[in-house]
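Got your viewer open? Load the model and get ready to click through it step by step.

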Amino acid sequence: MTPRIDFDGHFQPSPRMNVVPGAWYLGFQCAACSKSIAILDDPTGSGVVETGGAADFEVQCPYCGEMRGYSASAMRPWQATTGSPSGLD
Ligand SMILES: [Zn+2]
């Protein structure tokens with residue numbers, strides 16, 4: 001069974017700038033520049049996790065500076081491929 005994390009509330013998380021290559025994160029794909037924004041460590045460490053709930057997140061993209069609102073259902077796991085922000089996709 002896939003672990004599920006539900007979020008409830010309004011969050012303004014600070015994106016993680018230093019990601020570890022190979023590690024899994026939960027975050028959003030920037031609506032403006034499409035880069036992956038890391039919000040928190042994937043607690044499963046595997047990328048096999050579902051997220052949901054009624055929460056909304058206000059996130060400023062660390063790459064292009066765009067501030068956007070995202071729903072909990074838009075959160076997705078992704079694996080960092082490099083420690084360099086410019087290498088993320
Ligand atoms: Zn962006």
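Here is a short tour of a sheet and one of its turns. Keep in mind as you go that this is a predicted model.

**Stop 1: the sheet.** Select strands S4, S3 and S8 and show them as a cartoon. These 3 strands make an open sheet, in the order S4-S3-S8, with antiparallel pairing. Now colour residues 36-41, which are strand S4, and residues 76-79, which are strand S8: these are the edge strands, and each pairs on one side only. Rotate the view a little and look at how the strands cross. On average, neighbouring strands of this sheet are turned by 50 degrees against each other, direction ignored.

**Stop 2: one pair of strands.** Next, select residues 24-29, strand S3, together with S4. How many bridges join S3 and S4? The antiparallel pairing of S3 with S4 runs over 5 bridges. To see where the two strands meet, pick Leu26 and then its bridge partner in S4, Leu40. After that, click Tyr25, and you'll find Asp41 of S4 standing opposite.

**Stop 3: the turn.** Follow the chain from S3 towards S4. The two strands form a hairpin, with 6 residues between them. Select Ser34, which sits in the loop between S3 and S4. Is Ser34 buried or exposed? Ser34 counts as exposed because 11 other C-beta atoms lie within 10 Å, and the cut-off for exposed is 12 or fewer.

Stay on this residue for its backbone. Most residues other than glycine have a negative phi. Ser34 isn't a glycine, yet its phi is positive, near 70 degrees.

Technical notes
Residues are numbered from 1 along each chain as its sequence is written. This is a predicted model: local features need pLDDT of at least 70, side-chain atom pairs count only at pLDDT 80 or more; totals for chains, interfaces and linings use all residues. Two strands pair if DSSP finds at least two bridges between them. Helices (H or I, at least four residues) and strands (E, at least two) are DSSP runs, numbered from the N terminus. Axes are lines fitted to C-alpha atoms, for helices over the stretch in contact, and angles run from 0 to 180 degrees between N-to-C directions. A residue is buried if 20 or more other C-beta atoms lie within 10 Å of its own, exposed if 12 or fewer, and partly exposed in between; C-beta atoms are placed from the backbone.
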